[in-house]
Amino acid sequence: MATIKFNNGITINAEENGNCFITDSKPAFPSDLSNITVTTDEESYVIANGEIIEAASIDGRYWFTIRDVPETELAREKVDAQITYTAIMTDTLLEDE
Amino acid sequence: MAYASGALAQDATLQRIADALDGGSNIIAPRESGLVASNAYAIGDQFILGGKLYKATATIAIGDTIVTEGVGANCTESDSITEQVGDTANSKVTFTSSDNDATTEKTSDGFTSVATMTSGETHAGLFQKISKMFLNIRKLWNTVGSTPLENGQTLTSIVSGGLTANNAGAHNAVYRGKSLGSSVTSAQYAEIDAGTFKDLYIGDYWTINGVNYRIAAFDYWLHCGDTECTDHHVVIVPDTVLDTKAMNDSNVTTGGYVGSKMYTTYMATAKSTIQTAFGSANILSHRELFTNAVSSDKASGWAWYDSTIDLMNESMVYGHEAWASYPQYETAIDKGQLPLFSLDPSKIIAFNNGTRAYWWLRDVVSGADFAFANHDGNASNSYASDSLCIRPAFAIYKP
């Protein structure tokens, strides 16, 4: 079993398989997915910037994994958002890639 | 020329020898020129008459009629060589010997040529040839070694089957490609169960219902898995594809391999074909790490699943990941090229009714594509909804 503790204090207990977690039903995940602490039978680690990835289920239960989004990917997302915001504010048409 | 008999036999023999040395009578026995005895014979004495050797069965005096058969016969034809020449146990012969037990001789290279033995040769000549052949035998013995061959193997079987020990490691290194018939025998299952795999080699195949099921690896998954695989097994790959299906109904890879319709539904026909061929009980169930989540066009999750018959990944076929979006998740425990494909890369090409086939691999390439083995031999990828062929791998074992 694994215990997943979110930044807001919410805790989810889940079965562990590979890098997946399995619960009987889909949990109510908090919006803040930073600093998630995962504790398993073997180790404990922190996911700095989490992203919930739904995994395929073979047994009707809810399977998911938590991806640790790299800082570089977050930075790019931030830059993309800023460019989009600037384009909107200046009424600029952005060309497709 | 007269010979004594009975008590004087020794003197008679000496006389015969003297006659022989003198160019006279035969050394074995005196000769009779007609049916009237010119010599006297005691019972057991021998004489030559008409080119044949006879032995007296009754006393024959000089002047008696020699009767060789029928009523009144006083002799019988003698055909025992022992009676003619006697026991040679202590006889000696002088010859030039080529035999030599010295290390320098028996470890020397090459076969000492020996002329064929022919009728009429002297003892000295025969023994010289024999001595040369003895030297050759010493060289052969030195080469072969004194350790008995393993498990009843002969030199011929070793040479034809490879210089192998009977274990998975050795048998994974030898390609043979021999037909093993139309079913797995109980003896073959016993070899598999023991992990010895005697007379089973990479490339060997069973032809069942028109499909060549070829040995691709031995004990490929042994000791792997979150639950350890402890059964010795033989991994098999068919030469021909077993079905044609899409990975998904649309161009998505959601849920990775486990989330694909191939995994959940479309493999059913191929699985049934294999189960019918080998019997469900003989198909090994082992644990596999399969991808089950995809994000940002990459595989991002995996978990352990029971596996019996499944698609191969790129590592099993090519020895490395090629198009996989996240090789770490795709490789998992199938981290090495199957010996079948490393020893004979042409076997990567699969056929579908005689035509080279495109066949799926389970690796996620993007949010829309999975990997496949192209008909022309290149590693490639295709939209998930494309219909390509199914060529799974599986293992048999003795339950």
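**Exercise 1. What sign does phi take at A:D91, and which helix comes just before this residue?**

Solution. Start at the residue itself: A:D91 has a positive phi of about 55°, and it comes just after α1(A). Keep in mind that this is a predicted model. For context, most residues other than glycine have a negative phi.

Next, step back into the helix. Helix α1 of chain A runs over residues 71-89, which makes 19 residues. From first C-alpha to last, α1(A) reaches 27 Å, close to the 27 Å expected at 1.5 Å a residue.

Finally, look at how well the helix is covered. Among the 19 residues of α1(A), the count of buried residues is zero, so this helix is hardly covered.

**Exercise 2. Find which residues of helix α9 of chain B are buried, and work out how they are arranged around the axis.**

Solution. Begin with the list: in α9(B), residues 268-278, the buried residues are B:A270, B:I274 and B:A277. They sit on the same side of α9(B), because they cover an arc of only 60° around the axis.

Now turn the helix over. The face of α9(B) turned away from the buried side carries the exposed residues B:A268 and B:T276.

Then ask what does the covering. Among the elements that cover the buried residues of α9(B) are β5 (205-208), β6 (211-218) and β8 (243-245) of chain B. The cover also includes β11 (309-310), β17 (388-390) and β18 (393-396) of chain B.

To set this helix in its chain, note that chain B has 12 helices and 18 strands. Of its 399 residues, 33% count as buried. Among contacts in chain B between residues at least 6 apart in sequence, 60% join residues at least 24 apart.

**Exercise 3. Follow the chain beyond α9(B): where is B:G279, and how far is its C-alpha from that of B:I396?**

Solution. B:G279 follows α9(B) and has a positive phi, near 85°. This glycine is found in the loop between α9 and β9 (286-295) of chain B.

For its surroundings, count neighbours: B:G279 has 13 other C-beta atoms within 10 Å, so it is partly exposed.

For the distance, compare C-alpha atoms. Those of B:G279 and B:I396 are separated by 9.3 Å, although the two residues are 117 apart along the chain.

**Exercise 4. For B:S296 and B:N353, decide from the C-beta neighbours whether each counts as exposed or partly exposed.**

Solution. Place B:S296 in the loop between β9 and β10 (298-307) of chain B. Its phi is near 50°, a positive value in a residue other than glycine. B:S296 counts as partly exposed because it has 14 C-beta neighbours inside 10 Å.

Now place B:N353 in the loop between β12 (351-352) and β13 (355-356) of chain B. B:N353 is another residue other than glycine with a positive phi, here near 55°. It has 7 C-beta neighbours inside 10 Å, and therefore B:N353 counts as exposed.

**Exercise 5. How many residues does each chain give to the contact, and which strand supplies the largest share of the chain B side?**

Solution. Count first: the contact takes 13 residues from chain B and 13 residues from chain A.

Then look for the elements involved. On the side of chain B that touches chain A, β9 and β10 of chain B each supply at least two residues. The largest share of that side, five residues, comes from β10(B).

Last, sort the chain B side by character: six residues are nonpolar, seven are polar and none is charged.

How values were computed
Residues are numbered from 1 along each chain as its sequence is written. Chains are lettered from A and ligands numbered from 1 in the order in which they are written. This is a predicted model: local features need pLDDT of at least 70, side-chain atom pairs count only at pLDDT 80 or more; totals for chains, interfaces and linings use all residues. A residue is buried if 20 or more other C-beta atoms lie within 10 Å of its own, exposed if 12 or fewer, and partly exposed in between; C-beta atoms are placed from the backbone. Helices (H or I, at least four residues) and strands (E, at least two) are DSSP runs, numbered from the N terminus. The arc is that of the directions from the helix axis to the C-beta atoms. Two residues are in contact if their C-beta atoms, placed from the backbone, lie within 7 Å. The expected span of a helix is 1.5 Å times one less than its number of residues. Ala, Val, Leu, Ile, Met, Phe, Trp, Tyr, Cys and Pro count as nonpolar, Asp, Glu, Lys and Arg as charged, and the others, Gly among them, as polar.
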